[in-house]
Amino acid sequence: MKRTTPELAPPLQTSASHQRNDVWSPKIYFSQVMEHLWKLRLLKSVTRTIRIKSVQNLYSSSYTSCTRTLHSGYMSTQLQTSLPAIIHIRNYAKKVQGKKGGKQKHMNLSDEEMAEVIDIAEYKAQLRAAVDKLKKNYVENLNLRWTGSNVGNLRVKLQDEEFALHELARISRKNAQLVVINMSEFPEVIKHVIQAINESGSEMNPQQEGTMIYLTIPKLSRDTREVLSKNAKIMCNKAKEEIRDLQNHYVKVAKSKTDMSEDLIFNATNQIMALSDKAMDELRVVLMTKQHDILGDNEGAL
């Protein structure tokens, strides 16, 4: 008996209209991946080039530059705008300015450093002399109780010099209210003596008889005390003007030293003014003390 092998049926085949055209293939997929990677590298390279050019353009005078490109056989000008870039800004501390912008810091100088600019010892001595002069004038000219010695300390101006009254006359006191001035030795200066007495603010009314001058010492009324207080302020203002003149003189001397540093001149000038301000404060204290003594109460400076 002959055995027969059954034949396998042929595989089903679809018609041409139903066959798929997008059949997956390893070669096709690999080529697509490589093409994508190549495009990515090219994009990174172009981006890096553009960033470098953008940073370079930051140091140019303008954010745009004109580049000439060859197109259709002739040169054309094309405007290119720089791409945005991150700009790092560093802020620096502002420089200390002078008088216009702000106050420069003042440093105290020693007497040795000040001596390089001005004669500091002479300046201090002149300031002290101005203060002592005011005190002396108060003692000699603004006494609450006039005596023969006080009258003798009155200053008499003759031409360009000043003399104490006791140097020009003999002074005696007859009683508690009368002082006699004998001008027989210098009769030619009687006019100047009377003028000095009238300007002293003492309200003594001088009476002349020949070479003799009689002074009646008045009682200190309230009005008399106020006049003396005002005279004290006038004397103090004159002392302040003297100190101010000294300050201006030495400031001018300091600023004339062009061969020294500006900082040294600046600090020396401020110290000159500080010393004069200190002397001014002392004058105010002397004035207030004298006015309080004259008025006999707590009234301030007139």
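Start with helices H6 and H7, which run roughly antiparallel to each other (the label for angles over 145 degrees; under 35 counts as roughly parallel, 65 to 115 as roughly perpendicular, and the rest as oblique). Select residues 222–255 for H6 and 262–295 for H7: they pack at about 170 degrees, with axes 10 Å apart. The axes are lines fitted to C-alpha atoms over the stretch in contact, and angles between N-to-C directions run from 0 to 180 degrees. Helices here are DSSP runs of H or I with at least four residues, numbered from the N terminus.

Before you click further, keep in mind that this is a predicted model, where local features need pLDDT of at least 70 and side-chain atom pairs count only at pLDDT 80 or more, while totals for chains, interfaces and linings use all residues. Residues are numbered from 1 along each chain as its sequence is written, and side-chain values use heavy atoms, with hydrogens and water left out.

Now color the contact of H6 with H7 by residue class: you get 17 nonpolar, five polar and 10 charged residues. Nonpolar covers Ala, Val, Leu, Ile, Met, Phe, Trp, Tyr, Cys and Pro; charged covers Asp, Glu, Lys and Arg; the others, Gly among them, are polar.

Next stop, salt bridges. Side chains of opposite charge can pair when their charged atoms come close. The rule asks for a side-chain nitrogen of Lys or Arg within 4 Å of a carboxyl oxygen of Asp or Glu, and the count comes to seven.

Stay on H6 and show arginine 222 and glutamate 226, whose side chains meet in a salt bridge at 3.6 Å, N to O. They sit four residues apart in H6, so about one helical turn separates them. Arginine 222 is partly exposed at 34% relative accessibility (buried is under 20% relative accessible area, exposed over 50%, partly exposed in between, with a 1.4 Å probe and protein chains only). Glutamate 226 is partly exposed too, at 31%.

Salt bridges that share partners also join Arg128, Asp132, Lys135 and Glu282 into one network, so select those four next.

Zoom in on arginine 128 and glutamate 282: their closest N and O atoms are 2.9 Å apart. This pair links helix H3 (residues 120–141) with helix H7, 154 residues apart. Arginine 128 is partly exposed at 37%, and glutamate 282 is partly exposed at 26%.

Finally, add lysine 135, which also bridges to glutamate 282, at 3.8 Å between the closest N and O atoms. Lysine 135 lies in H3 and glutamate 282 in H7, so this pair ties together parts 147 residues apart in sequence. Lysine 135 is partly exposed, at 34%.

Conventions:
Helices (H or I, at least four residues) and strands (E, at least two) are DSSP runs, numbered from the N terminus.
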